[in-house]
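Visitor: I'd like to know what stands behind the labels people put on a model like this one. Could you walk me through a few?

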Amino acid sequence: MQEILGVPAPLLFGQLLIGLINGSFYALLSLGLAVIFGVLNVINFAHGALYMMGAFVAWLLLHHLGIGYWPSLLVAPLIVGVFGIVIERTMLSRLYDLDHLYGLLLTFGLALIIEGTFINFYGVSGQPYAPPEILTGGHNLGFMFLPTYRAWVIVASLIVCIGTWLLVERTRLGAYLRAAVENRELVRAFGINVPLMMTLTYGFAVALAAFAGVLAAPVYTVSPIMGQHLIIVVFAIVVIGGLGSILGSILTGLGIGIVEGLTKTFYPEASSTVVFVIMAIVLILRPNGLFGRPRE
Amino acid sequence: MSIKSVALASTALAALAAMVGAAQADISDNVVKIGVLNDRSGLYADLSGEGSVVAARMAVEDFGGKVGDADIEVVSADHQNKPDVGSSIAREWIDQDGVDVIVDVPTSSVALAVQQVTSEKDTAFLDSGAGSTALTNDQCAPTFVHWTYDTYAMSVGTGKAVVEQGGKSWFFLTADYAFGHQLEKDTSAVVKENGGEVLGSVNHPLSTSDFSSFLLQAQASGADVIGLANAGGDTTNAIKQANSFGIVQGGQKLAALLGFITDVDALGLDVAQGLTLTTGFYWDRTDETREFADRFAEKMNGQKPTMVQAGVYSAVTHYLKAVDEIDDDGGEAVVTQMKKMPINDFFAENGKIREDGRMVHDMYLVEVKSPDQSEGKWDYYNIVKTIPGDEAFQPLDKGSCKLVSN
Amino acid sequence: MTDTTSNVELSDDTFRRHRLAGYLIAAIGIAALAVAPFLGIYPIFLMKLLCFALFACAFNLMLGYVGLLSFGHAAFFGMAAYVAGHAVKVWGIGTVFGIAAGTLTAGIMGLVFGAIAIRQKGIYFAMITLALAQMVFFFCLQAPFTHGEDGIQGIPRGTVFGLIDLRDTLTMYYFVAVIFAAGFFVLHRTVHSPFGQALKGIRENEPRMISLGYPVALLKVLAFTMSAAITGLAGATKAIVFQSATLTDVNWHMSGEVVLMTLIGGMGTILGPVAGAGIVIALQNYLSTIGSWVTVVMGAIFVICVLTFRRGIVGEILARTRR
């Protein structure tokens, strides 16, 4: 068997592919964070909690209303997105002119409330959620066994990521958004309803997090604390990619997934720390992140 | 005030306090106060949490609410899995509120911190929720009883049984924490003792959400058995993902070395079926256990008791009996008395407390039912084998407790 | 600046009044520290409060006076606790030297962290400190002397140079109170020194300070080192009080908690962090009986704080009395 650095080659390919799958989760989440930061100038610490909420809403829909995976993939993000819109309208919108710090603290508090409430009603152990029939099973790729559901995760998240990127970069709506990022006042002066745009942006980004949550439900245990550890990793990814850079966050998300996968092979103990090492190095060498532009 | 006079004043006060303390030879304040200290909002909230408080209350009610003519009270608090929070609550309870016994306390670091306080202040400490064997080894204390389980009993029971069933070669997925390494070490020893071999292991960070990388490594090792030396969300995620990666279907077997019934509930029987694990209590074992579980479930929205919660009931009951016997609630005095009396209730048959504070009782090797076998929620286990207490726990002569005379 | 003379007179007068008020507050503070254990407040709780209050004050030096949010202060707090615990328990170098060792370690770490992070601003500064702190967490998890998640337990309280026995709770309390007062005094003097004024200048307008010829980066690193060292002092003392040092103290949640304390109390005020620490610690302590709602209540306080009184409690009081 061929070996690369003492690890059999097929195993290494497997790790790369798995890294890519995890990376696509990261990409979905960091994409939302990046969009929110770019447009609202808020660091959304509640992103992990909202991701959890997406998974939980899917479970609740199944458990109480018998609504299955496919409808949930649409309905759960909608519900969580509306929840996000309410948060934005009632709380976040008051903080736009203040330091980042306040947005971060507010959303941190919200994350505690959301997680605490779910823990109170459903406990921490988690709830089972099975993948839909059609996505069970898997294929033997020769170098590894790939579960069908994991393949679907890559496809689904890449479609959504690329779709979002195209929406922002190639459409008129996206042009407004980018303009609002540059100069909110100017865009307002052109008669565009900036507050509405910001509300919808937040709702949309939150729905992305919830979508990731539903995708994750059959892979991980649906538990109120599933987003807790994820949030600072995703956060680090956005910073590495360059705050506010959409393409940067997608590519970095995928990249970090792969790096983590490799770390799990060569130095598994450090696999949850490696992202921070990378972040420190990147920030020292490129203070605005890999894809970020200098901003004030 | 100079430092000297402060010191003087405080010494005088301390002496006064000591005198007050010495004056109470029998049950202090004529109240026996039980403090249930556990995790109410974090990782272990489901297996201990509110359920343990309910169990302690039930034990008090069943005892009649009084010891002699002293009232019994139950108080509870959340240690948030933080050792400093846990130990300051324990101190405050003992110093200010007159708590006489502290029960449950999951999370090893918190239990060890509380152990310091209770042994210093001569207060009984009955741990049901924590798994660390250090509590009855290097850190053992004459005021302490470890009631329900420890990492040794959980892992060794499962390890031995699996080897006997033909799982000769092992690969470990180990949580990179002290308890994970301990589980791996104890299990490896028993695997080798019984003629098996350990092919390798991989340490993963605590609270990893994706296990597929590690599972691929385990798969590539070709081992018969993948031992999960981790707990809670890590165990459930690993099992769930092993299932989707076709590991079980490929002929490898999983062994959860520290699995609880709440983990099985979180996984669902579809995924968890066939899993082997060791438990100190299963509610559907005898008529007595069922009777207790039904009463418990009534108060807990239908949830059946975990072994930790059942252990709290048993420990509190035994404690009250001992207090009743000697009419004293000083920590060491009661625990000494508890060690003299055998334990016979739904939880333990002929259980006994050893010198090092280990409560020795039978453990049960169980296999998780398939969805067809199960009649509904919480009907999860088939008991495969009863592991006698003397085999289940770490032998006294292999321990390092200073209380054990050689 | 039209009427210079009256301006000087006024500021002279207010200065005198401020100084008087300052002495008064200090006297009240010292008296309060001295009698607190006799007012029925539990001494261990008080000690914990003092440790965290000192932690929050040290943190506030960066956030309130330099305007940099560090999200990695738990590293200093926790590492100092480990070092002090190990030094006292294993090396047996005595309580005072143990605490000094912890403080020194934290100070050196602060110097290193500061040198690496100081060119960053705003959220990038927060993130790089978080990154460094996560590496420290990883180190603490891997290093054998920390005993993993069990932590260092049973650290003896020992004596002060063999003269004063700290095993007695009340004596221990006064020991902690003296440490707190010393740390607080140092911070207070720093803030009001020319160095402190220069820091405030950096917070308000960094380019101007640079053009005025101040070595801005150096000043910031110094402030960060000092903040870290006093954080370490608090952490080391806490390890002695609770006789244990565990991973909780190095976790990033601890960094979040100190932000909360400072924010609730009022950042950029001297007493704010003390008040904030008092509230958070009291909540943790007294809410612990209500079970699983603790997290929700804490979160709600965060939210209310950010939405309604952003200046924090002390900041808000100061703002109202000035009006």
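Guide: Sure, here are some labels, each set against its rule; keep in mind that this is a predicted model.

Visitor: Let's start inside. Which residues of the largest nonpolar core touch the most other members?

Guide: Ala210(A), Ala236(A), Met279(A) and Leu54(C) do, out of 353 residues in that core. Helix α2 of chain C, residues 43–66, brings the largest share, with 20 residues. Chain B takes part too: domain 1 (28–149 + 287–357) and domain 2 (154–279 + 363–388) each give at least three residues.

Visitor: What makes Met279(A) a neighbour of Met127(C) and Ala131(C)?

Guide: The rule for a contact is C-beta atoms within 7 Å. Met279(A) touches both of those chain C residues, and also Ala236(A), Val239(A) and Ile240(A), leaving aside residues up to four places away in sequence.

Visitor: Staying with chains A and C, how many residues are in contact?

Guide: On the chain C side 31 residues, on the chain A side 32. Chain C supplies at least two residues from each of α5 (122–142), α10 (252–265) and α12 (294–308), and α5(C) gives the most, 11 residues.

Visitor: What is the make-up, by class, of the side of chain C that touches chain A?

Guide: That side has 21 nonpolar, 8 polar and 2 charged residues.

Visitor: And what does the side of chain C that touches chain B look like by class?

Guide: There the count is 10 nonpolar, 16 polar and 4 charged. This contact takes 30 residues from chain C and 38 from chain B. The elements of chain C giving two or more residues are α2, α6 (169–192) and α12.

Visitor: Over to strands. Why are β1 and β4 of chain B called a pair?

Guide: Pairing needs at least two bridges. Strand β1(B), residues 31–38, has 4 bridges to β4(B), residues 101–104, so the two count as paired, and they run parallel. Val36(B) stands opposite Val103(B) in β4(B).

Visitor: How do you know that β4(B) also pairs with β5(B)?

Guide: By that rule again: 4 bridges link β4(B) to β5(B), residues 124–127, against a minimum of two, so this is a pair, in the parallel sense. Asp104(B) has Asp127(B) in β5(B) as its bridge partner.

Visitor: What makes the crossover from β4(B) to β5(B) right-handed?

Guide: The chain goes from β4(B) through helix α4(B), residues 108–120, to β5(B). With the strands pointing away from you, a clockwise path over the helix earns the name, and this β-α-β crossover is right-handed.

Note on methods: Residues numbered from 1 in each chain as written. Chains lettered and ligands numbered in written order. Predicted model: local features only at pLDDT ≥ 70, side-chain atom pairs only at ≥ 80, totals over all residues. Core = buried A, V, L, I, M, F, W, Y, C linked by C-beta atoms within 7 Å. Buried ≥ 20, exposed ≤ 12 C-beta atoms within 10 Å, placed from the backbone. Domains from an automatic or database assignment. Contact = placed C-beta atoms within 7 Å. Nonpolar A, V, L, I, M, F, W, Y, C, P; charged D, E, K, R; others polar.
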